[in-house]
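User: Hello! I am new to this structure and would like to go through it step by step, with the reasoning behind each label. Could you help me with that?

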Amino acid sequence: MAVASSHREAPFIAGMPRADATDFYMFRSYEPGREKFVTLVANYLPLQDGYGGPNYFQLDQHALYEIHLDNNGDAKEDITFQFRFANANMNDAFVVGGKKVPIPLIINGGAIDDVNPPGLNVRETYTVTMVRGDRRTGTRERIAAPRGAPGFDKPVDNIGNKAIPDYAGYAGRHVHDMMLPGCAVPARVFVGQRKDSFAVNLGETFDLVNYKSPAVEFDPNAESSARDDLADKNVTMIALEVAASCLVAPGGADPVIGGWTTASVPQARGNSPASAGNGNGNGSVGREGGGWTQVSRLGMPLVNEVVIGLKDKDRFNQSRPGDDTQFLTYVTNPTLPALVETLFAGAGVKAPTNFPRNDLVTVFLTGVPGLNQPAKVTPSEMLRLNTAIAPVPKGSQKRLGVIDGDNAGFPNGRRPGDDVVDIELRVAMGKLCTLNLGCAPASAPSGAIRFTDGAFLDDSPFTAAFPYLATPIPGSPQSVAGR
């Protein structure tokens, strides 16, 4: 399971990076004073290089990005937050030889230090719509943007320290308050580029799990022995912070919510290269039509990468949790443990023998009884959070979450500092059996081995306040005096 949480995880979505969800987080906010809130984070557009200009990494204006919540355990969305994006070309121009000529860049040399600043040649905005019930037929209400704006403003990507000397301060001005229908407590929203929050040893993982040491037992430094191949990458995050009381089922009898994120595009898109376009990435688009087609889905991390078989990866991205029985065999009879046993048999590693793997069904499909399983649950893959469990402050969180005694961490939701690669490797190899959760210790001969990919992750790289993820890596890191 040691792969990027959802970076280019299926054949079709690999060719559509703007709609590719990379990570999904859902956790009780641990910012001081915000403990009664839940933070939802959906990251998109993987493997961004800070220097990736001149157009950088705008989200798709023709896509629909959604975060779905199930608050009664029936594998259907009860609340959906929908995001649509729009980019306006300001058409800034320089006078050259007496003629006014449009500039070729998304910045014009002016200051970039506030919302909708004069230094930007493209204004990126988004709308938020809240839907109750079915995502397409339910009751919907568009959330009002501040000050009569066309939408909520999104900060431009971190072009460099000369163009944006204080990117953290500039981006921070794009944390917007908003009122949600039926919720008396203001929510917060932020959309913008962040440092990729995931850590993983990608290269060696894809090379037949080519780890020098797969476990701490074989090398006491194994957990930090490999490079993080995402250390120099950025992503684009969609983040919401909503009062927990506004997300659970009416009456609050069941504190468990399930969540997942999707991206959808129009069924038909015609290309017309002769189109003049408008400078917003629309020049080759002639006509779009039909309903929405879901092309990306992400709930629990690493599922599509290393649980779902190659032939079904695109199908999984197009599916809904209520239809997950079609993928059940991938969970009850997983291939990853068999692969790990084959590759490390010489070190005495053996896969669990309890079939069907009900321990994995519990983690991925129902939630753990007494921890984050809904009172009534339809088995389905999604991230589940018990909102009644108090958050743990930054600095005190345990990177291995529940299996290390921190019930506020993964798989009870997911925080940025939860090392889900190491956690899921250990769970796949039978860690829960050693705890008598769904299987006996004897069925997991390697269940106590502390498997790791060698790319260490804890809560230290992240902030203690919304939106939590770190400032993105700048395209030009050196500081330059003057403008």
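User: Which residues does S264 touch, not counting residues up to four places away in sequence?

Analyst: Happy to help, and please keep in mind that this is a predicted model. S264 touches H62, A63, L64, E66, R136, W292, T293, Q294 and V295. S264 itself has its place in strand β13, which covers residues 256-271.

User: Why is S264 called buried?

Analyst: The label buried is given to residues under 20% relative accessible area. S264 has 1% relative accessibility, so S264 counts as buried.

User: What makes D23 buried or exposed?

Analyst: Its relative accessible area is 0%, and buried means under 20%, so D23 is buried. You will find D23 in strand β1, residues 21-28.

User: How do you know that the side chains of D23 and R414 are joined by a polar contact?

Analyst: A polar contact needs a pair of N or O atoms within 3.5 Å. The side chains of D23 and R414 are joined at 2.8 Å, so the pair meets that limit. For another view of D23, take K398: the two are 375 residues apart in sequence, and their C-alpha atoms are 19 Å apart in space.

User: Why is P17 called partly exposed?

Analyst: Partly exposed lies between the two cut-offs, under 20% for buried and over 50% for exposed. P17 has a relative accessible area of 37%, so P17 is partly exposed. P17 is found in the segment before β1. Leaving aside neighbours within four places in sequence, P17 is in contact with L45 and P46. The C-alpha atoms of P17 and Q267 are separated by 17 Å, with their positions 250 residues apart along the chain.

User: What makes helix α7 largely enclosed by the rest of the structure?

Analyst: Helix α7 runs over residues 358-366, and eight of its nine residues are buried, so the helix is largely enclosed. The buried ones are D359, L360, V361, T362, V363, F364, L365 and T366. They pack against α3 (303-306), α5 (328-332), β15 (383-386), α8 (420-428) and α9 (431-434). Just after α7 comes G367, with a positive phi of about 85°.

User: And how do you know that α8 is largely enclosed?

Analyst: Nine of the nine residues of α8 are buried, so the conclusion follows here too. They are V420, V421, D422, I423, E424, L425, R426, V427 and A428. Their cover includes α6 (336-343), α7 and α9. After α8 comes G430, whose phi is positive, near 105°.

User: Why does the chain's radius of gyration agree with that of a compact globule?

Analyst: For 483 residues, a compact globule would have a radius of gyration near 23 Å, and the chain has 23 Å, so the two agree. The C-alpha atoms fill a box of roughly 80 × 50 × 45 Å along the principal axes.

User: How many helices and strands are there, and what share of the residues counts as buried?

Analyst: The chain has nine helices and 15 strands. Of its 483 residues, 58% count as buried. Among contacts between residues at least 6 apart in sequence, 70% join residues at least 24 apart.

User: Finally, what is on the surface, and how many charged side chains are there?

Analyst: The accessible surface comes to about 19,200 Å², and 54% of that belongs to carbon and sulfur atoms. The chain carries 45 positive and 51 negative side chains, and the centres of these two sets lie 4 Å apart.

How values were computed. Residues are numbered from 1 along each chain as its sequence is written. Side-chain values use heavy atoms; hydrogens and water are left out. Helices (H or I, at least four residues) and strands (E, at least two) are DSSP runs, numbered from the N terminus. The radius of gyration is taken over C-alpha atoms; the globule rule is 2.2 Å times the number of residues to the power 0.38. Buried means under 20% relative accessible area, exposed over 50%, partly exposed in between (1.4 Å probe, protein chains only). Contact means heavy atoms within 4.5 Å. Accessible areas come from the Shrake-Rupley method with a 1.4 Å probe; for residues, only the protein chains shown count as cover. Lys and Arg count as positive and Asp and Glu as negative; His and the chain ends are not counted. The place of a charge is taken as NZ of Lys, CZ of Arg, CG of Asp or CD of Glu. A polar contact is a pair of N or O atoms within 3.5 Å; within protein, one must be able to donate a hydrogen and the other to accept it, and residues adjacent in sequence count only if both atoms are side-chain atoms.
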